[in-house]
Amino acid sequence: MPDQGIADAPIEAVDLRRTYRAHTGWLHRRYTDIEAVRGVSFSVAPGELFGLLGPNGAGKTTTIKMLNTLLLPTSGSARVLGYDVRSEPMAVRRRIGYVFGGDKGLYDRLSAEDNLRYFAELYCVEPRDQRARIGELLELVGLAGREKERVEGYSRGMRQRLHIARGLLHRPPVLFLDEPSIGLDPVAARELRRMVADLKYQGVTIVLTTHYMAEADELCDRIAVIDRGVIQALGTPRELKDRVDTGAVLEVEVVGASPRHLSALSVLPGARDVRAADRDDRKTITIHAVKGADLYAAVMSELDGLSVTRFTSREPTLEDAYLGILTDASEQGQSVAV
Ligand SMILES: Nc1ncnc2c1ncn2[C@@H]1O[C@H](COP(=O)(O)OP(=O)(O)O)[C@@H](O)[C@H]1O
Ligand SMILES: [Mg+2]
């Protein structure tokens, strides 16, 4: 879905494509072309936190790597802070930070402080600014006091925070965070979200990929849902939730419901999807209503005579919307613009 250009957008991608050539066969070398990204266009506004959501293999990392100049686009173009990623990669690199989840990219045998010193050198941070900048970042990511310890003894969350400090050494106005919360425990993940929100507050323009829908909902100003190399939907979390054809989600906890009750519920007009889960002596029945349907009275009447211990109704979440968008996309299948 093409995006209207934003004046002075720090990030602007126009019809980006990337094909990987994979070698197969041993005796007879063969090639297959994998179209990882098939025409992606979007712009990110100054200070915006832009999310890229999509299943594994959707093309998120490939898109980010074209923007941060680690990969050349096969075709299409992109500008970061006005610099062309193809013809001015050094100007782009000086102004961006790149953080990815996982274990690579740090030196285990070195302390956090030495890691940062090494990368400060690499990123051409002025020697006289290095000490203050490193101190400031250790403070920001909550590692002050632990900076002399070797990274090999760090927890996953501490490593991830050190990664972020590394990505921020040269004060980049644009930051790419590729699955930064992968493998973090809930407390570490929440700290990370707070930090990302802080950076946004300071005016950093951020592109974030994540598999955690609640995280995307909480943090992102806008989200692009990408699948099989194509943007399938783009909008604010609110817009994405409104876009999908899903209404309220009802949860009914009931004692003594039989399969007969379930089939009666599933044919109620306005009920799209009915599922039941057993827990102890009671069932929790989840009913996805179609948009605008009010099923309370009809459900209660079907369950008449049973003991309903809980009845809740919630708005569709970003996860419901995301799953809806991916289902629509796969139903349209090959008709997706190539
Ligand atoms: N270096 C590579 N060589 C060949 N294929 C690749 C390479 N990197 C990624 N791919 C393929 O490109 C597609 C998109 O991958 P990627 O951008 O990493 O997706 P995501 O980050 O959304 O999980 C996948 O099908 C993946 O297998
Ligand atoms: Mg990826």
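This passage describes a predicted model, beginning with the surroundings of its ligand and then turning to the nonpolar cores and to several individual residues.

The shell around ligand 1 is made up of Tyr20, Ile34, Ala36, Pro55, Asn56, Gly57, Ala58, Gly59, Lys60, Thr61 and Thr62. In terms of residue character, this shell divides into 5 nonpolar, 5 polar and 1 charged. Two elements, strand 2 (30-44) and helix 1 (60-67), each supply at least two residues of the shell, and helix 1 gives the most, with 3 residues. Polar atoms of the protein are found beside the ligand at several places. A polar side-chain atom of threonine 61 lies 2.8 Å from an oxygen atom of ligand 1, while a polar backbone atom of alanine 58 is 3.2 Å from an oxygen atom of the ligand. In the case of tyrosine 20, a polar side-chain atom lies 3.5 Å from a nitrogen atom of ligand 1. Taken alone, ligand 1 exposes 560 Å², and the protein buries 62% of that area.

Helix 1, which contributes to the ligand shell, is itself mostly covered, since 6 of its 8 residues are buried. The buried residues are Lys60, Thr62, Thr63, Ile64, Met66 and Leu67, and Lys60 and Thr62 also appear among the residues around ligand 1. After the helix comes threonine 69, whose phi is positive, near 70°.

In soluble globular proteins, nonpolar side chains tend to be buried together. In this model, the largest nonpolar core has 48 residues, and those with the most contacts inside it are Leu162, Leu169, Leu175, Ile206, Ile223 and Val225. Helix 6 (residues 186-201) provides the largest share of this core, 6 residues. Apart from the largest core lies another, of 27 residues, among them Phe42, Val44, Ile64 and Ile96; of these, Ile64 is also listed among the buried residues of helix 1. The surroundings of valine 225 can be described in further detail. Leaving aside its neighbours within four places in sequence, valine 225 is in contact with Leu53, Val230, Ile231, Gln232, Ala233, Leu240, Tyr322, Ile325 and Leu326.

Charged residues may also be covered by the protein, as glutamate 113 and lysine 241 illustrate. Glutamate 113 lies in helix 3 and counts as buried because its relative accessibility is 13%, which is under the 20% limit. Its side chain is joined to that of lysine 148 by a polar contact of 2.8 Å. When residues up to four places away in sequence are not counted, glutamate 113 touches Ile134, Glu147 and Lys148. Lysine 241, placed in helix 8 (residues 237-243), has a relative accessible area of 13% and is therefore buried as well. Leaving aside neighbours within four places in sequence, lysine 241 is in contact with Asp217, Pro316, Thr317, Leu318 and Ala321.

Helix 3 also contains tyrosine 118, which counts as partly exposed because its relative accessibility is 37%. Tyrosine 118 and tyrosine 31 are 87 residues apart in sequence, and their C-alpha atoms are 40 Å apart in space.

Most residues other than glycine have a negative phi. Against this background, two loop residues are considered together. Cysteine 124, although it is not a glycine, has a positive phi of about 60°, and its place is in the loop between helix 3 (112-122) and helix 4 (127-140). With a relative accessible area of 64%, which is over the 50% limit, cysteine 124 is therefore exposed. Arginine 171, likewise not a glycine, has a positive phi of about 50° and is found in the loop between helix 5 (156-168) and strand 7 (174-178). Arginine 171 is exposed because its relative accessible area is 52%.

A further exposed residue is proline 259, which counts as such because its relative accessibility is 66%. The place of proline 259 is in helix 9 (residues 259-266). Proline 259 and glutamate 139 are 120 residues apart along the chain, and a distance of 58 Å separates their C-alpha atoms.

Technical notes: Residues are numbered from 1 along each chain as its sequence is written. Chains are lettered from A and ligands numbered from 1 in the order in which they are written. This is a predicted model: local features need pLDDT of at least 70, side-chain atom pairs count only at pLDDT 80 or more; totals for chains, interfaces and linings use all residues. Side-chain values use heavy atoms; hydrogens and water are left out. A residue is near a molecule or strand if one of its heavy atoms lies within 4 Å of it. A polar contact is a pair of N or O atoms within 3.5 Å; within protein, one must be able to donate a hydrogen and the other to accept it, and residues adjacent in sequence count only if both atoms are side-chain atoms. Accessible areas come from the Shrake-Rupley method with a 1.4 Å probe; for residues, only the protein chains shown count as cover. Helices (H or I, at least four residues) and strands (E, at least two) are DSSP runs, numbered from the N terminus. Ala, Val, Leu, Ile, Met, Phe, Trp, Tyr, Cys and Pro count as nonpolar, Asp, Glu, Lys and Arg as charged, and the others, Gly among them, as polar. A nonpolar core is a set of buried Ala, Val, Leu, Ile, Met, Phe, Trp, Tyr and Cys residues joined through side-chain atoms within 4.5 Å. Buried means under 20% relative accessible area, exposed over 50%, partly exposed in between (1.4 Å probe, protein chains only). Contact means heavy atoms within 4.5 Å.
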